[in-house]
Structure formats: C-alpha cells, structure tokens
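Hi,

Here is the structure I promised to pass on to you. Have a look at it first, and then read my notes below.

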Amino acid sequence: MYAVQVENLTKVFGNFQALRGVSFAVEEGEVFGLIGPNGAGKTTTFRILAGLLPPTSGKVLVLGKAPGSPELKRVVTYLPEDAGTYRNLTGYEFLRMVSELYFGRSREAEEALELGVKIASLGEKIHEKMKGYSKGMKRRIQVARALMVKPRLAILDEPTVGLDVVHAKEIRTLIKEFAREHGSTILLSSHNMLEVEDVCGEVAIIDRGVVLLQGKVRDLLSEHGARNLEELFF
Ligand code: ATP
C-alpha cells in the first residue's frame, strides 16, 4: 500500500505553472525525502497533499483517499515550513492543547502529550512561555506537535529550516528515532542533500515543477557510482 501516490500533478497559479506533472509514490512506513532548490514546488506539492490547495490536474491519493478527506484528519499531520507558535503559551500548554483537540480529554490525549514532551526534549524549558524560545526550540515543539499523535503519515515541510547544524541534527535524530519506533510514514522536504541522505531511505528530486529522479538512496548511489547524493547531482 502506498501512503502517497502522485501522478502527473500540475498546479497553475495565474499564468505561472508551479507544478508541471509531478509523479512519485511513497510506500507505507518509508521515510521519504523530497529534495529540490527554492521554488522547485515542494511546498505546493505538500499543501496539495495536506488538502489545503486544490490541484489543477493529476491524480493524488493520500492513504488511498483524496487529500482533505475527513478520514485523513486524524491520521495525517502537516508541519508547514512557516508554522507559528502561540507566544503566550508554554510549550507544554501548547502540546496539551493540540492533544486535547485531537483526542478530547482522554487517556489517549495524555499519552500523546507525554510523547510530545519526550519528542520535544526541552527539559524544564517546556514549562516556559514560547515567546522566549529560540528558533530551534520552536521547531522542536512544532515537530513534536506533528508526531505526538502518532500519525500514519506525517508531512514535514523543511523540518530543519533556519536551524544551525547542531539543532538541525537534533531534529533529524528525533525524526529517525520516531520513524523507527512507531513505523509512521514520514514525507519531508529539504534543500540539503546530506540531510536527506542521513534521514531518508528513499528520495525524489524535484526541480522547476517536475520530479527528475526517484529511488532508494542506496540504489541511486550504487547505480551511479556516487559516494553521496551531492556527488550524484553536482
Ligand atoms: P522553497 O524551498 O523556497 O520553499 P518550494 O520548492 O517549496 O520552495 P513552492 O513554494 O512550492 O516551492 O513554490 C513553487 C513556485 O510556485 C515558486 O515559484 C512560487 O513563487 C510559486 N508559487 C507558490 N505559491 C504561489 C501562489 N499562491 N501564487 C503564485 N505563485 C505561487
């Protein structure tokens, strides 16, 4: 079963064609990376998958359903590139709010909150107001928010955007650990080839609205005799 199937997806904004026939498929349980330069169409593709933007044409299935279907609400999470936080809530209060929005006041909500706190790993700072958080801390809370409900599919748009190398690595580690422990499918985007190589089993390279290549990182490297993805493309 595919978690995501995209075939010949196009998106036109006015007279600009952002997606020109994007095709790729993500198997369930995979950590999959969509790599591409600025403006390649990653965010547009993710917003379509999240049901926030209608495609112009093409086939798009998320866990076998049309994006935005009510059945997907509880099982698919989406982390936008520019996700905001509530400045006056503590990280803990924010995660509690999200878990209760999902599960009401229940045992499940408590478990999700517990997992969110573990993923965020902010120690006692989880009880401080988010307006005092660094970029890295905010991003950890946002990633925790997307993963704490144990989604079948998490769509993470540039989870390490704007972070220095240390914080980016921490986020990568927590995504990898989460995927291993919970078996969720994770679809993430990045500009950074080395990052994608570190986290993802499979990748698709998108540029100017088309997917140039898709495959398991291992296979792509051995087929092209490259030591890393950067060497494959530059
Ligand atoms: P980045 O890495 O910079 O986030 P991206 O790969 O996510 O890039 P998109 O945000 O999907 O790229 O943008 C693809 C192209 O579509 C860009 O040229 C962008 O300017 C254009 N675009 C995106 N949204 C709109 C919109 N609402 N109206 C007009 N053009 C848009």
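Strand β6 covers residues 153-156, and its side chains are split between two directions: L153 and I155 point one way, while A154 and L156 point the other way. All four of these residues are buried. That is a pattern you will know well, since in a regular strand the side chains alternate between the two faces of the sheet. Please keep in mind throughout that this is a predicted model.

What does β6 pair with? On one hand there is strand β5, residues 76-79, which runs parallel to β6 and is joined to it by 4 bridges. In that pairing V76 stands opposite L153. On the other hand there is strand β7, residues 185-190, which also pairs with β6 in the parallel sense, again over 4 bridges. Here L153 stands opposite T185. L153 therefore has a partner in β5, namely V76, and one in β7, namely T185.Strand β7 also contains S190. Is S190 buried or exposed? S190 has a relative accessible area of 4%, under the 20% cut-off, so it counts as buried. The side chain of S190 makes a polar contact with the side chain of E195, at 3.2 Å.

Another pairing to look at is the one between strand β8 (residues 202-207) and strand β9 (residues 210-216). These two are antiparallel, with 6 bridges between them, and E202 in β8 faces K216 in β9. Together β8 and β9 make a hairpin with 2 residues between the strands. If you check the backbone of that turn, you will find R208 with a positive phi of about 45°.

Now to the ligand. Which residues are closest to the ligand? They are N38, G39, K42, T43 and T44, out of 14 residues that surround the ligand. By type, the residues of this shell divide into 5 nonpolar, 6 polar and 3 charged. Two elements, β2 (16-27) and α1 (42-49), each supply at least two residues of the shell, and α1 gives the most, with 3 residues.

Some individual distances are worth a look on screen. An oxygen atom of the ligand lies 2.8 Å from a polar backbone atom of G39, and G41 likewise has a polar backbone atom 2.8 Å from a ligand oxygen. With T43 the side chain takes part: one of its N or O atoms is 2.7 Å from an oxygen atom of the ligand. On its own, the ligand has 640 Å² of accessible area, and the protein covers 63% of that.

Last, the aromatic residues. The structure holds 3 aromatic pairs, and one of them is made by Y86 and F94. Why is this pair called tilted? The ring centres of Y86 and F94 are 5.7 Å apart and the planes meet at 40°, which is neither under 30 nor over 60 degrees, so the pair is tilted. Y86 is partly exposed, with a relative accessible area of 46%, whereas F94 is buried at 0%. Y102 and F103 form another tilted pair, with 5.8 Å from centre to centre and 50° between the planes. Both Y102 and F103 are buried.

Best wishes

Note on methods
Residues are numbered from 1 along each chain as its sequence is written. This is a predicted model: local features need pLDDT of at least 70, side-chain atom pairs count only at pLDDT 80 or more; totals for chains, interfaces and linings use all residues. Side-chain values use heavy atoms; hydrogens and water are left out. Two strands pair if DSSP finds at least two bridges between them. A residue is near a molecule or strand if one of its heavy atoms lies within 4 Å of it. A polar contact is a pair of N or O atoms within 3.5 Å; within protein, one must be able to donate a hydrogen and the other to accept it, and residues adjacent in sequence count only if both atoms are side-chain atoms. Accessible areas come from the Shrake-Rupley method with a 1.4 Å probe; for residues, only the protein chains shown count as cover. Ala, Val, Leu, Ile, Met, Phe, Trp, Tyr, Cys and Pro count as nonpolar, Asp, Glu, Lys and Arg as charged, and the others, Gly among them, as polar. Rings of Phe, Tyr and Trp (its six-membered ring) pair if their centres lie within 6.5 Å; planes under 30 degrees apart count as stacked, over 60 as edge-to-face and the rest as tilted. Buried means under 20% relative accessible area, exposed over 50%, partly exposed in between (1.4 Å probe, protein chains only).
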